Amino acid sequence: MKKTITGFSKFSKQEKIDWIVNTFFDDSKVAKETLSQYWNSNQVLQDLHDDFIENTISNFYLPYGVAPNFVINNREYAVPMVVEESSVVAAASLVAKFWSTRGGFKATVLSTTKIGQVHFMFDGGVEELKDYFETTKSSLIAATDSITKNMRTRGGGILDIELRNKTSELDNYFQLHVTFETKDSMGANFINSCLEAIADEFRRDDIQIVMSILSNYVPDCVVRAEVSCPVEKLYQENAVMYAQKFKQAVDIANVEPHRAVTHNKGIMNGIDAVVLATGNDFRAIESGAHAYALKSGSYKSLTNCEIENGIFKFWIEIPLALGTVGGLTGIHPLAKLSLEMLGNPSAKELMEIIAVAGLAQNFAALRALTTTGIQHGHMKMHLSNIIKQLDASEEEKTYLLNYFENKQVSHSAVVATYEKMKKK
Ligand code: HMG
C-alpha cells in the first residue's frame with residue numbers, strides 16, 4: 001500500500017485521521033480511539049488547539065504541575081511547570097522551600113537586547129559597500145517605520161544597524177547585524193518583519209540578499225539569579241565538606257564538557273518546564289542557552305559556585321528571550337493562567353523567575369548527586385507513582401514506603417510486595 005500522499009493538507013480533519021489510521025496501523029479502530037480519547041469535549045477549545053499548528057489530529061498532553069514556595073526578590077511565587085520527567089517538580093519545590101528560609105533567590109536582568117541579521121553576498125569593493133551602507137542607514141531604519149511605530153511608543157524598536165564583514169570566514173559574505181529592544185514581547189515576528197523591510201531597502205543589483213532572520217543567540221539578553229548563605233546553614237552535618245563537594249561538582253562541569261552537558265540538561269529541566277507553561281518557545285531558549293554555554297570556546301556550566309569567608313554563593317547567568325505578550329501567551333488558556341499565577345509579570349520579571357527555576361533545579365540535582373545520589377529521590381518518586389496505580393489504602397501505602405526505604409524499587413517488586421501483603 002502506498003504510504004505517501006498529495007493534497008493531505010486539504011483533507012478535513014476526519015479525512016486526515018482516516019488516511020493515517022488506515023495507512024499506518026494494523027488496527028485502525030484502536031488507533032482512532034486513542035487519538036479521539038485526547039480530543040477536548042469543549043469544541044471551541046479543540047478548534048483553538050487545532051489551529052495552533054497544521055494537520056492536527058489530536059492533542060498530546062503533558063502534566064501541568066506547580067512548585068510553591070519560591071521567594072524571588074522578596075516576592076512569593078508558585079511556579080507552574082509543564083514537564084514529563086518525574087522528580088523535577090518535587091525537586092524544584094524542595095529547593096524553593098529550602099531557600100525561602102535562607103533569604104530566597106535574588107535575580108536581576110542584565111540586558112534585553114535581541115538580534116536579527118540580513119545575510120548577503122557582495123563581491124565588490126569593501127569601502128564602496130561601507131559608503132553605501134552609511135548613506136542608506138537612515139533610510140533602512142525609515143523603511144521599518146510602520147512596523148516599529150507601536151513598539152516605539154512602548155519604548156522599544158531598532159537600536160542599531162551595523163555592517164559586518166564576514167569575508168574572512170566565507171567568500172563575499174557580509175551581514176547587516178541589527179539590534180532590537182522588544183519590551184514584553186519575544187519579538188520574533190516583529191524582528192523578522194523589520195529585517196525583511198530593511199533587506200528590501202538595502203537590495204541592489206550587486207548585493208545578493210541570501211536571507212533575513214532573527215538570531216536565537218542572544219548573549220545580550222541575559223539574566224542572573226543567585227542564592228547565598230553561610231555554609232553551616234546548607235547541611236545539617238558535615239556542611240563544609242558537602243559544600244566543597246557541591247562546588248567541586250560545578251567546577252567539574254566547568255572543565256569537562258561531557259559533564260557540563262548533563263549538568264546544563266538538569267538546568268533546562270527547570271527552565272523548559274516554565275517556558276512551556278507560559279507559552280514561550282523552548283527550542284529558542286534551548287539553542288540560545290547552549291550557545292551561551294559555549295561562549296568561551298569550550299562548553300561549560302551555566303551555573304557557578306563560590307565559597308568565600310564561610311559564605312556559599314551559587315548563581316546562574318543565562319540568555320532568555322521571553323515574551324509575556326504575543327504568540328501563545330495570549331491565546332493558550334493555560335499559558336494565560338500560568339502568567340496570572342505568576343502575577344502577570346513583565347518579560348523581565350519572567351526572565352528572573354525562569355532563571356531561578358533553572359538555578360533551583362541545578363541546586364537540587366547537585367545536592368542529590370553529591371550526597372545520596374540521584375537515584376534515591378528518583379526511586380522515591382517512582383515508588384509513589386507505582387503505589388498510586390495500586391488501589392492501596394493509607395496504611396498499605398505507609399507499609400510499602402517503609403518497606404522500600406532501603407530496597408531496590410521496580411514496578412514488579414512493588415506489585416509483588418503489595419500482593420504478598422494483601423494475602424497476609
Ligand atoms: P525528600 O527530601 O525526600 O522529600 O526529597 P520530602 O518527602 O522530605 O519532602 C520535602 C519537600 O520536597 C516537600 O515539602 C516538597 O516541597 C518536595 P512539603 O510539600 O512536604 O512541604 N517534595 C515533593 N513535592 C511534590 N511532590 C512530591 C514531593 N516529594 C517531595 N512527591 C526529592 C525528594 C525527589 C525532592 C529529592 O530527593 C531531590 O531533590 N532529588 C533530586 C531530584 C532531581 O534533581 N530531579 C531532577 C531530574 S534529574 C536531573 O536533573 C538530571 C540530572 O542528570 C542532572 C545532573 O546530572 O545535574 C541528575
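**Figure 1. How far apart domain 1 and domain 3 sit in this predicted model.** Taken over C-alpha atoms, the centres of domain 1 and domain 3 are 43 Å apart. The chain splits into domain 1 (8-50), domain 2 (64-110 + 221-371), domain 3 (114-215) and domain 4 (377-423). Notice that domain 2 is written as two stretches, 64-110 and 221-371.

**Figure 2. The largest pocket, at about 1,400 Å³.** Here we're looking at a lining of 39 residues, with Phe52, Leu276, Gly279, Leu328 and His332 closest to the centre. Helix H3 (43-52), helix H7 (188-202), H9, H10 and helix H11 (333-341) each put in two or more residues. H3 has the largest share, with 4 residues. Sort the lining by class and you get 21 nonpolar, 16 polar and 2 charged residues.

**Figure 3. The second largest pocket, between domain 2 and domain 4.** This one holds about 1,000 Å³ of space. It lies between domain 2 (64-110 + 221-371) and domain 4 (377-423) because both give residues to its lining. Of the 39 lining residues, Ala368, Ile374, His376, Gly377 and His378 lie nearest the centre. At least two residues apiece come from helix H4 (88-100), H9, helix H12 (347-369) and helix H13 (374-389). H13 gives the most, with 9 residues. As for chemistry, the lining has 17 nonpolar, 15 polar and 7 charged residues.

**Figure 4. A closed-off space: the largest cavity.** Searching the whole structure turns up 1 cavity of 30 Å³ or more, and the largest cavity has a volume of about 90 Å³. Its lining is made of 14 residues, and those nearest the centre are Met186, Ser215, Asn216, Val218 and Ala321. Strand S4 (113-121), strand S7 (208-215) and helix H10 (282-293) each give two or more residues to that lining. The largest share, 3 residues, comes from H10. Domain 2 (64-110 + 221-371) and domain 3 (114-215) each supply at least three residues of the lining. By class, the count is 10 nonpolar, 3 polar and 1 charged.

**Figure 5. Where helix H8 crosses helix H9.** The axes of H8 (residues 239-255) and H9 (residues 257-277) come within 6 Å, crossing at roughly 115 degrees. The crossing is left-handed. On the H8 side you'll find Val250, Ile252, Ala253 and Val255, which meet Pro257, Arg259, Ala260 and His263 of H9. That contact has 6 nonpolar residues, 1 polar and 1 charged.

Note on methods
Residues are numbered from 1 along each chain as its sequence is written. This is a predicted model: local features need pLDDT of at least 70, side-chain atom pairs count only at pLDDT 80 or more; totals for chains, interfaces and linings use all residues. Side-chain values use heavy atoms; hydrogens and water are left out. On a 1 Å grid over the protein atoms alone, a cavity is a set of points where a 1.4 Å probe fits but cannot get out, and a pocket is an open set with protein on both sides within 12 Å along at least five of seven lines; lining residues have an atom within 4 Å of a point. Grid points are joined across faces, edges and corners, and a volume is the space filled by probe spheres set on the points. Ala, Val, Leu, Ile, Met, Phe, Trp, Tyr, Cys and Pro count as nonpolar, Asp, Glu, Lys and Arg as charged, and the others, Gly among them, as polar. Domain bounds come from an automatic or database domain assignment. Axes are lines fitted to C-alpha atoms, for helices over the stretch in contact, and angles run from 0 to 180 degrees between N-to-C directions. A crossing is left-handed if the near helix is turned anticlockwise from the far one by less than a right angle, and right-handed if clockwise. Contact means heavy atoms within 4.5 Å.
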